[in-house]
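Student: I'm new to this structure and would love a close look at one part of its surface, and then at its aromatic rings. Could you walk me through it?

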Amino acid sequence: TVSSGSSGEEETGGPSSAANFVFLTSTEHLPTDLGGLAGADVICNELAAGAGLDGEFVAWLSDSTTDAIDRLSGARGWIRPDGKPVLDRPADIGSLRLLHPIMLDEPGFVVGNASVITGSDSSGRMVTGQTCADWTDSSQTYRVGAADAIDKEFSTNSNAPCTEPAQLYCFGIDQSEPLVVEPVEGRHAFVSFAELPGDAGLAAFDATCASEAAAANLPGSYLAFVASGEQTAISRFDTDGPVWINPRGIPIVESASQLLVSDDLSTAVGFTAAGDDPPFGRAWTGADTPVAVGGADCGDWTDAAATGTYGNVNRATSFMGDGGRACSVSHVVLCFQE
């Protein structure tokens, strides 16, 4: 839960009464049918009103005269329709990143890994040549964000042709109170700082997790969240225990047992044990889901000539299965407290 506060910094507190909502539109739109920024704002406000979300909303959208980030000027403190915190200040987008991905639509349903029309870079500035000529020319391309990302890819992930529809982010702009995040107790989860080749061995993965947790003074014992041989990743952990929290103190699951039935997280692990940005966004996992045995696990993490599955440490819906690479390549690993 979150609340409004009186200081200029993020701090702890109770339920929110003065935060702006931010959501992903439940509808897809052709970029050239938006009617520019003003038309996109109309879409946001009509959807918000239909879902009972109060306030004025603007689309996270840039053109040649206006950057998306400047459209939030004067506002502060955003939560999703489910009440989960997203960010405090607009500047958090370029520096601290998001607390939760904006992957819920206006009624509060999880949409997941949707493509989003932004025309913007990681700081909310226009990407030259990637706005369909100010949202008027269907022969060009536009910049797309990924709704399940907490890092720069939430705003700038790929390009798409202007004939391809996608969704919009809608930000409320009425409130200006600091966002206050309530602390949560739980088991720790983090991204390793060290990058290891896929044939380094399961013992080396686990040892890396243990040593980096100790260096950060984290309590408890740690293992790598990877599948191997006939073992699933989640089977290495007690699913009757407390939730796992990332280094920002945000639960990455609603309950530990969530990963027995879901392939997705509530928010990304996203940070090293020291709370820093990870050196690399790909983590060895060995399987596409928490309950799958090692299918592409570098030959039980011993064969450099094999192929290994990796996940994206900054995503909620592809944290395990985001692709495959040669096992001679080095990636980070996800580390969970037992």
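Why does valine 261 count as exposed?

Tutor: Happy to! Keep in mind that this is a predicted model. Valine 261 counts as exposed because its relative accessibility is 74%, and the cut-off for exposed is over 50%. Along the chain, valine 261 belongs to the loop that runs between strand E14 (244-245) and strand E15 (282-284). On the surface, Val261 joins Leu260 and Val291 in making a nonpolar patch of about 290 Å².

Now follow that loop back to strand E14, where you will find tryptophan 244. Unlike the exposed valine 261, tryptophan 244 is buried, as is phenylalanine 336. There are 15 aromatic pairs in the structure. One of them joins tryptophan 244 to phenylalanine 336 in a tilted arrangement, with 5.1 Å from centre to centre and 55° between the planes. This pair connects distant parts of the chain, since phenylalanine 336 belongs to strand E18 (residues 330-337), 92 residues apart from tryptophan 244. Tryptophan 244 has a charged partner too: the charged end of arginine 187 sits over its ring, 4.1 Å from the centre.

Look elsewhere and you can find another arginine placed over a ring: arginine 97 lies over the face of phenylalanine 271, 4.4 Å from the ring centre. To finish with the rings, try picking out Trp60, Trp78, Phe154, Tyr169 and Phe171, which ring pairs link into a cluster.

Key: Residues are numbered from 1 along each chain as its sequence is written. This is a predicted model: local features need pLDDT of at least 70, side-chain atom pairs count only at pLDDT 80 or more; totals for chains, interfaces and linings use all residues. Side-chain values use heavy atoms; hydrogens and water are left out. Patches are made of residues with over 30% relative accessible area and no salt bridge: like charges are joined within 9 Å, nonpolar side chains (Val, Leu, Ile, Met, Phe, Trp, Tyr) within 5 Å. Accessible areas come from the Shrake-Rupley method with a 1.4 Å probe; for residues, only the protein chains shown count as cover. A salt bridge is a side-chain nitrogen of Lys or Arg within 4 Å of a carboxyl oxygen of Asp or Glu. Helices (H or I, at least four residues) and strands (E, at least two) are DSSP runs, numbered from the N terminus. Buried means under 20% relative accessible area, exposed over 50%, partly exposed in between (1.4 Å probe, protein chains only). Rings of Phe, Tyr and Trp (its six-membered ring) pair if their centres lie within 6.5 Å; planes under 30 degrees apart count as stacked, over 60 as edge-to-face and the rest as tilted. A charge sits over a ring if NZ of Lys or CZ of Arg is within 6 Å of the ring centre and within 35 degrees of the ring normal.
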